[in-house]
Amino acid sequence: MERRTVVSGLGFYVPPRVVTNFDLEKMMNTSDEWIRERTGILERHWAESGVGASDLGYEAAVKAIENAGLDKNDIDFIIAATLSPDHYFPGIGLMVQAKLGLKEIGALDIRDQCSGFLYALSVADQYIRTGTYKKILLVAAELQSANLDFSDEGRDMSVLFGDGGAAMILEANDSGDGRGVLGCYLFSDGRFVSELWMDKPSSRDNPTFRVEFFQQGKFYPRMNGRTVFKNACEKMPQAVLYGLQQLGLSISNIDYLIPHQANDRISQMVGRALRLPEEKVIRNIQRYGNTTAASIPIALAEAVQNGLIKKGHLLALTAFGSGFTWGSAFIRW
Ligand code: UT7
């Protein structure tokens, strides 16, 4: 009987402050119309100063632990995915650990940006299936609003991002009922590093922090939007098709596709490329913006909470982001 990794608890948290496109109009040279038409986003949540990505992850973790009906002391490993850690180092996994009051269990941070959740899930799946760990807390949390460029140079990115965290508890299913993670398929291509990145701070520069870098806006995230868009629309469907082939499944087996919520036009194009009916593609970017590594698990948690996703459904998850990194994962819910 094949052991599978199941999600036994889920939760998500977004900070209370809602920032609409109209609010952004007051902060930079943009319009509600441009943002809605080009991205589908209507509003996003932004944290207040003093809150870090680990705080969002912690709030989500508390909900996931409660949802699993778990004693938090039974968690034996933490995996965290973020590109916006509270500190340059260390990562947020052990900060969530400290906030939960869990001592001396391992905490691993994953740095794969918008694909971070899929990478984290694949690592967790390996640990659970080999029996290395029994109850893993996976946290994906992002706080990008604190470092956005509101000038014309950065407005393509600054309208996209929202803050938020999601968490799940993963454990073994030995019942043989087929539920759980069926497979994770990960890809990357490091030739595209500078197409979507934050150039500075860089260990290549000695000294690392220089006033001129601040003046040149080098500490802001930058992206070649059109290249990212084109690659995202190609690579996500490819990753889903690859995974289906590996599993001996077909598109008609998918009950819901949860794409990384990068841009609603991308999600729609991915759905169309796979010939999936619109109602099978889960999209919530309208209300949250692009929450990077947290976007897939937030969409998953919300869809489960709303009763959309039910036991037995086949879920296809896919992501694309900075690196480039991309991939797919399949879960029998
Ligand atoms: O999550 C990780 C991966 N990220 C993504 O997947 C994002 C992928 N890229 C995108 O979603 C899109 O490329 C954007 C939404 C970022 C941009 O949309 P676009 O349709 O590719 O626009 P563009 O960058 O080609 O810019 C079109 C015009 C430009 O003006 P000109 O040169 O035509 O006069 C931009 O300066 O829109 C302008 N523009 C804006 N105007 C108003 C760019 N950003 C804004 C803005 N408000 N926020």
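Begin by selecting the ligand together with its shell: 21 residues surround the ligand (a residue counts when one of its heavy atoms lies within 4 Å), and the closest are Thr30, Arg38, Arg226, Asn263 and Asn290. This is a predicted model, in which local features need pLDDT of at least 70 and side-chain atom pairs count only at pLDDT 80 or more, while totals for chains, interfaces and linings use all residues. Residues are numbered from 1 along each chain as its sequence is written, and side-chain values use heavy atoms, with hydrogens and water left out.

Next, display the polar contacts, meaning pairs of N or O atoms within 3.5 Å. An oxygen atom of the ligand lies 2.6 Å from a side-chain N or O atom of Asn290, another entry to display is a ligand oxygen 3.0 Å from a side-chain N or O atom of His260, and a ligand nitrogen is 3.2 Å from a polar backbone atom of Gly225. Taken alone the ligand exposes 940 Å² (Shrake-Rupley method, 1.4 Å probe), of which the protein buries 77%.

Now colour the helices (DSSP runs of H or I, at least four residues): those giving two or more residues to the shell are α2 (32–39), α6 (155–158), α8 and α9, and α8 gives the most, with 4 residues.

Finally, select α8 (residues 225–247) and α9 (residues 264–273), which pack at an angle of about 35° with their axes 9 Å apart, the axes being lines fitted to C-alpha atoms over the stretch in contact and angles running from 0 to 180 degrees between N-to-C directions. Here Phe229, Ala232, Cys233, Met236 and Pro237 of α8 meet Arg265, Ile266, Met269, Val270 and Ala273 of α9 (heavy atoms within 4.5 Å).

How values were computed. Polar contact = N/O pair within 3.5 Å; in protein donor to acceptor, adjacent residues only side chain to side chain.
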